[in-house]
Amino acid sequence: MAAGDGLVSMTPTSIAHSGTSASINADGGVDFSAVTSLSLNGVFTSDYDNYLIVARWDIAPLSDPAIRFRLRTGGSDDSGTNYSRQYFAVSGTSVSAERNTSQAQGTWSDTSEDNVSGSQLHVYGPYLAQPTAFRGVHVSGYTSGYFFDVANTHSLSTSYDSITFFTSSSTTTGNVHVFGYEE
Amino acid sequence: MAEIAGLKLIVPSSVSATGAGSSATIGAKGKITYSSAVTLQIDGVFSATYDNYLMVAVSTIGTSANLYLRYRAAGVTATASNYAHQQLAAYSTTVAGSRSTGDAQGLVAGIGDGVNNGFHAYFYGPALSQPTAGRGISAQAVAAGAQINEFAFLHTVSSAYDGIDLNFQNAAAGTMTIYGLSQ
């Protein structure tokens, strides 16, 4: 049995944003401030099948401070109705769930809370020319805990090298970093 | 603070598959690729080097099924009724739990009948001479859309295991990597 490194930092080849600012830091993560969308280009490659994306969000407290995403290739987001999601959320003693199909975007986090949030998004096979699966785990709430788990699927058998995150209306500030699972 | 790789990709000693026309291979760095595999036997993957492990997989299957596991030692599968699991499933507006004990196998993931399925699983102490805990998190594609399945699985025997037997129940294809968490 031998062993190699497990997680590889995927430095975007470029980024694009709407909002105040975004920049790639020395470790390959991306810092952003008051953005409504952020595209990370060139983070999925043929070197790896699966990816882990870790983010810290500080979301402006509007009515629907959710983080959505779209797969992207050739500089264009796939905004077709090719996404499905299933989530469950736990807040206090309340547990809720919902499934939505034929959506024009995936969902990473979806919460009525504001302030500091943290999320993981596991992305299974985005660069493979087959449909892609996503699994998000999200925590939010500045003074109370709230968690949101979500599974997303994207139905097109297309290879994607990039991803765009966006909000519905709020701005968000934080850091996001894409890692490839060594294989 | 010194920096070392925290997640180490493991190259198993061997892998084999059962099922009509099945195949399973190990890449140079440790990536397991399988096709038409109903079961996979992965040996020489758990050792005294690491206590805890992470498995990441993207998989397709012809018919929706749960993925079961058994631990192995020196090529012998532990088939006695020493496994238990707790499941949480979210589908549509339902969030449901179930528990099973005294089983001959554990339950680690759900795999849907679409082609976009992914899961990751943590194994806590399989090579230690003590009972083993595990946690499986899957993004499942089913006909109705996306589905969430999560599992906590336990094996109650105080033995050390170096391998694992995975039972997809139906022919599956995909890739899988297993990492040790540095300690």
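This passage describes strand 14 of chain A and the interface of chain A and chain B in a predicted model.

Strand 14 of chain A spans residues 162-167, and 6 of its 6 residues are buried, so the strand is largely enclosed by the rest of the structure. In a regular strand the side chains alternate between the two faces of the sheet. In strand 14 of chain A, A:Ser162, A:Thr164 and A:Phe166 lie on one side, while A:Ile163, A:Phe165 and A:Thr167 lie on the other, and both faces are covered.

Two pairings of this strand were identified. Strand 4 of chain A (residues 30-41) pairs with strand 14 of chain A in the antiparallel sense over 4 bridges, and A:Leu40 has A:Ile163 as its bridge partner. Strand 6 of chain A (residues 67-73) is likewise antiparallel to strand 14 of chain A, with 6 bridges between them; here A:Ser162 stands opposite A:Arg72.

The contact between the chains involves 40 residues from chain A and 47 residues from chain B. About 3200 Å² is buried between chain A and chain B, with carbon and sulfur atoms giving 62% of this area. Across the interface, 4 salt bridges were found, including one between A:Glu182 and B:Lys29, whose closest N and O atoms are 3.3 Å apart. Residue pairs in polar contact between chain A and chain B number 14. On the side of chain A that touches chain B, at least two residues come from each of strands 1, 8, 9, 11, 12 and 13 of chain A. The residues of that side comprise 16 nonpolar, 15 polar and 9 charged.

Technical notes. Residues numbered from 1 in each chain as written. Chains lettered and ligands numbered in written order. Predicted model: local features only at pLDDT ≥ 70, side-chain atom pairs only at ≥ 80, totals over all residues. Heavy atoms only, no water. Buried < 20%, exposed > 50% of the residue type's maximum accessible area, 1.4 Å probe, protein only. Pairing = 2+ DSSP bridges. Contact = heavy atoms within 4.5 Å. Buried area = accessible area lost by both parts, 1.4 Å probe. Salt bridge = Lys/Arg side-chain N within 4 Å of Asp/Glu carboxyl O. Polar contact = N/O pair within 3.5 Å; in protein donor to acceptor, adjacent residues only side chain to side chain. Nonpolar A, V, L, I, M, F, W, Y, C, P; charged D, E, K, R; others polar.
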